[in-house]
Amino acid sequence: MSLVKTNGKRNRTAGNSFEGYCKRLYHEYGYPHVVTTRSESRSRDAKKIDLMNKEEVVNGQLPFATQCKSYARKLDYPALLESIDSNLIKVIMHRFTQKRGTKFYTQGEYAILKLEDFFKLIQK
């Protein structure tokens, strides 16, 4: 049995780790019930949504359909936003990384959403 991680395992681990990081950010900013859909809802996960509120009947629905991506390449944001199957405000949280040697380093973290959805958020 090989102890060397393949790129697929490394990428999956990086993606899962970034989902956990985004979940903790939601907690810090006042959404204490956010969990990953991997742990809570297979159907929501299949709709390309990565984060949701636990026990929505009690805690309410998270007002955003969030997908978390950790990639070293640029993403096709319009296609990703369209792939999310939801009527909520769709947000792509992207950790942009760069590979140096055998390690990946974060170059920036971004939240991407449609302009019309941004104005829904800031509307007075």
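**Pockets and fold of a predicted model**

Student: Which residues lie nearest the centre of the largest pocket, and how many line it?

Tutor: In this predicted model, 24 residues line the largest pocket, and N11, G15, C68, K69 and Y71 lie nearest its centre. The elements that give two or more residues to this lining are α1 (7–28), α3 (42–46), β3 (64–71), α5 (77–83) and β4 (89–100). The largest share, eight residues, comes from α1.

Student: What makes a residue count as part of a pocket lining?

Tutor: A lining residue has an atom within 4 Å of a grid point of the pocket. For the largest pocket, 24 residues line it.

Student: Why is the largest pocket called a pocket and not a cavity?

Tutor: A cavity is a set of points where a 1.4 Å probe fits but cannot get out, whereas a pocket is an open set. The volume of the largest pocket is about 460 Å³.

Student: How do the lining residues of the largest pocket divide by class?

Tutor: They divide into seven nonpolar, eight polar and nine charged. As for the residues nearest the centre, K69 is one of them, as are G15 and C68. Lys counts as charged, Gly as polar and Cys as nonpolar, so these residues of the lining fall into three classes.

Student: What is the class make-up of the second largest pocket?

Tutor: Its lining has 14 nonpolar residues, one polar and one charged. There are 16 lining residues, of which L25, Y26, V91, M93 and A111 lie nearest the centre. Leu, Tyr, Val, Met and Ala count as nonpolar, so L25, Y26, V91, M93 and A111 are nonpolar. The space in this pocket is about 320 Å³.

Student: Which elements give two or more residues to the lining of the second largest pocket?

Tutor: They are α1, β4 and β5 (103–112). The largest share, five residues, comes from α1.

Student: What makes α3 a helix?

Tutor: A helix is a DSSP run of H or I with at least four residues. The element α3 covers 42–46, so the run meets that cut-off. The protein has six helices and five strands, in the pattern α-β-α-α-β-α-β-α-β-β-α along the sequence.

Student: What does it take for a residue to be called buried, and what percentage of the protein is buried?

Tutor: Buried means under 20% relative accessible area, and 33% of the 124 residues count as buried. The protein exposes about 8,600 Å², with carbon and sulfur atoms supplying 52% of it.

Conventions: Residues numbered from 1 in each chain as written. Predicted model: local features only at pLDDT ≥ 70, side-chain atom pairs only at ≥ 80, totals over all residues. Heavy atoms only, no water. 1 Å grid on protein atoms, 1.4 Å probe; cavity = no way out; pocket = protein on both sides within 12 Å on 5 of 7 lines; lining within 4 Å. Points joined across faces, edges and corners; volume = space filled by probe spheres on them. Buried < 20%, exposed > 50% of the residue type's maximum accessible area, 1.4 Å probe, protein only. Areas by Shrake-Rupley, 256 points an atom, 1.4 Å probe, with all protein chains shown as cover.
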